[in-house]
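Please walk me through this model as you would with a colleague, taking one feature at a time and giving the general idea before the particular case.

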Amino acid sequence: MQNALVQLRERWNQLPRHARVALVGGVVGLLTLLTALAFWASSPTYTTLYTGLSPADSAAVVQALKEQNIPVRTRGSGSVIEVPEAYAEQARLELAAKGLPKTGAPGYARLERTPFGMTQAMEQTTLRIALEEELQNTIRHLEPVESARVHITPGNDSPFADSRTEPTASVVVALKPNATLTREQVRGIVHLVCHSVEGLKPENVTVVDAEARPLWQGGDQYAVDHELLRTRREAERAYAEELRRQLQQHLDRVLGPGKSSIVVQAELNLDKEEIQAQRVEPLDPNRAAVVSETTETERLTGNPPVAGGAAGIAGNRAETPLYPNAPLGGSIGEYTREDRIRNYELNKQVEHIIRAPGRVERLSVAALVDESVPDEALNAVRAWLETTVGVMPNQPNRVVTVQRVKFDTSQAEQAAKEQAAREATRRQELLWKLLPVIVLLMVTIFLARVIGKQIRRPAPKPQPAAALPSGGAVAISAAGTTPAGALTDGSERALDVTIDEDGISIVEEVAPNGTIIVRRQRAPSVIEEELAERIRERTQPELLEIQRFAENKPEHVAALLRNWIKS
């Protein structure tokens, strides 16, 4: 451990001043960034606790939360209360225990404060008001409803039929901005009120909005007719939309998206019909079945009567048999009569037909096709639509129209641009969220590389940098050149070259053979210029030749020096 600390201290002492400053600044910046990220990550996420509170309720809620040491903040002029998500459930429980917020009617809590000596009429009135307030609170919690008022008129359960009256109710609802109540929701409110008041019928309930527009009039025939009409319109619209969607999907698959537009209109018959028909075909004796057959035969044998039947009309009727008079002096005669009655089964057909509601009375389909679609495809589309809809020559209630027009694609292009802008904004927001992490990673990588380079940098080794004549040594300093005597005894003289630029210090040594050994080398260009300047000050002929060679061919000298320095 001590060796590691000693090595780190030596490395730190060997670093130049600007490297030390950069390293210290990077470490301080990294610590600052880590601290900021820690504060950002530890900041709580707030959630909405209550909205639409009055100033008095907001002040009471904030005061109660502060007493419980729960962080709280307000917005929307104090009507919105927000607390951290971790404290949301605790805050609701604490506020509910204190009866906060007090927005809303008391409801059945009003019965807890009834005074002593209340009469029966006052008790009934208080109970009715509590029921109205409970219904108001219940209806107010519906999603589209902002506030509600309920008025109940109790009925008179008199034993006399003439004096008996049924209860009625009126509901006034104020909707939130851009909110609407569907027919099912209005019906739900009506049934809620009816099942809360004993004996109340839906036709005795009236529901209006804040602008006094009727939403439910159960006792009016107009409301019933309007409901039937609305049901028919909704059924027609649903059928037409489903058919349009199917046709549009097929056209998009054939022509491509954005090349066609379909409009469908339908008229439905929602009447339930029951038809009974009886049809009897003409009788064919050869094919009909015999149901019954009656045969009557009458014979007369013996002397004929001496006289005919009775005179008059009665004797000529069919039910009175007539016996012909035999001629006088004739012989004994024989009379025979035969009647046959045959009943056949009638070919009768009885039909009982019940037609369910929802038959299509009229159907029209209009298609607009882009002008880029060829004629062959347009004709094929028209034939396909006519076949799908069921267009026939003698059936005018099915109509198909196909037209070619030029489509305006500006809206689609604008929508695509808006979508691209939203995507770009979303990516930018994501980038801003990830920016602290990215900066932290970049700073960490940079500092790791700088520290790694400083740690992995090997200790400088002596390298030959230049050669001087063996006849003497030169001591070079920032002040100039000072002769140091001849190197005749084989000793080594040191040259200290100090260059003030960029705070670089170079320690050199001259060997007995005149070689300059560089102990530490920084800024090779500065070293080359300093050495060249010192060499030019020498008066030896060899140095003058080297100087002239360097002036005439500086590129060779530069290449030579670079190779020496690299080696």
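The dialogue below goes from the chain as a whole to single residues.

Q: Before we begin, what kind of model is this, and how are its residues numbered?
A: The model is predicted, so local features need pLDDT of at least 70 and side-chain atom pairs count only at pLDDT 80 or more, while totals for chains, interfaces and linings use all residues. Residues are numbered from 1 along each chain as its sequence is written, and side-chain values use heavy atoms, with hydrogens and water left out.

Q: How many helices and strands does the chain have?
A: Helices (H or I, at least four residues) and strands (E, at least two) are DSSP runs numbered from the N terminus, and on that basis the chain has 12 helices and 20 strands. Buried residues (under 20% relative accessible area, with exposed meaning over 50% and partly exposed in between, for a 1.4 Å probe and protein chains only) make up 23% of the 567 residues. Taking a contact as heavy atoms within 4.5 Å, residues 24 or more positions apart account for 63% of the contacts in the chain with a separation of 6 or more.

Q: How do I read the packing of helix 5 and helix 6, and at what angle do they pack?
A: Axes are lines fitted to C-alpha atoms, for helices over the stretch in contact, and angles run from 0 to 180 degrees between N-to-C directions. Helix 5 (residues 120-140) and helix 6 (residues 183-194) pack at about 155°, with their axes 11 Å apart. That makes helix 5 roughly antiparallel to helix 6, a term for angles over 145 degrees.

Q: Which residues of helix 5 and helix 6 make the contact?
A: Leu-135, Thr-138 and Ile-139 of helix 5 meet Ile-189, Leu-192 and Val-193 of helix 6. These residues divide into 5 nonpolar, 1 polar and no charged, where Ala, Val, Leu, Ile, Met, Phe, Trp, Tyr, Cys and Pro count as nonpolar, Asp, Glu, Lys and Arg as charged, and the others, Gly among them, as polar.

Q: Why do the buried residues of helix 4 lie on the same side?
A: An α-helix has 3.6 residues a turn, so residues three or four places apart point the same way. In helix 4 (residues 88-97) the buried residues are Ala-88, Ala-91 and Leu-95. They cover an arc of only 65° around the axis, which puts them on the same side of helix 4; the arc is that of the directions from the helix axis to the C-beta atoms. These buried residues pack against strand 1 (46-50), helix 3 (55-67) and strand 3 (80-84), whereas the face turned away from them carries the exposed residues Glu-89, Leu-93, Ala-96 and Ala-97.

Q: Where should I look for a positive phi in a residue that is not a glycine?
A: Most residues other than glycine have a negative phi. Asn-69, with a positive phi of about 60°, is in the loop between helix 3 and strand 2 (73-75) and counts as exposed at 66% relative accessibility. Ala-212, with a positive phi of about 65°, lies in the loop between strand 6 (205-209) and strand 7 (214-217) and is likewise exposed, at 61%.

Q: Is Asp-57 buried or exposed?
A: Asp-57, which belongs to helix 3, is buried, with a relative accessible area of 10%. The C-alpha atoms of Asp-57 and Pro-101, 44 residues apart along the chain, are separated by 5.6 Å.

How values were computed
Parallel < 35°, antiparallel > 145°, perpendicular 65-115°, else oblique.
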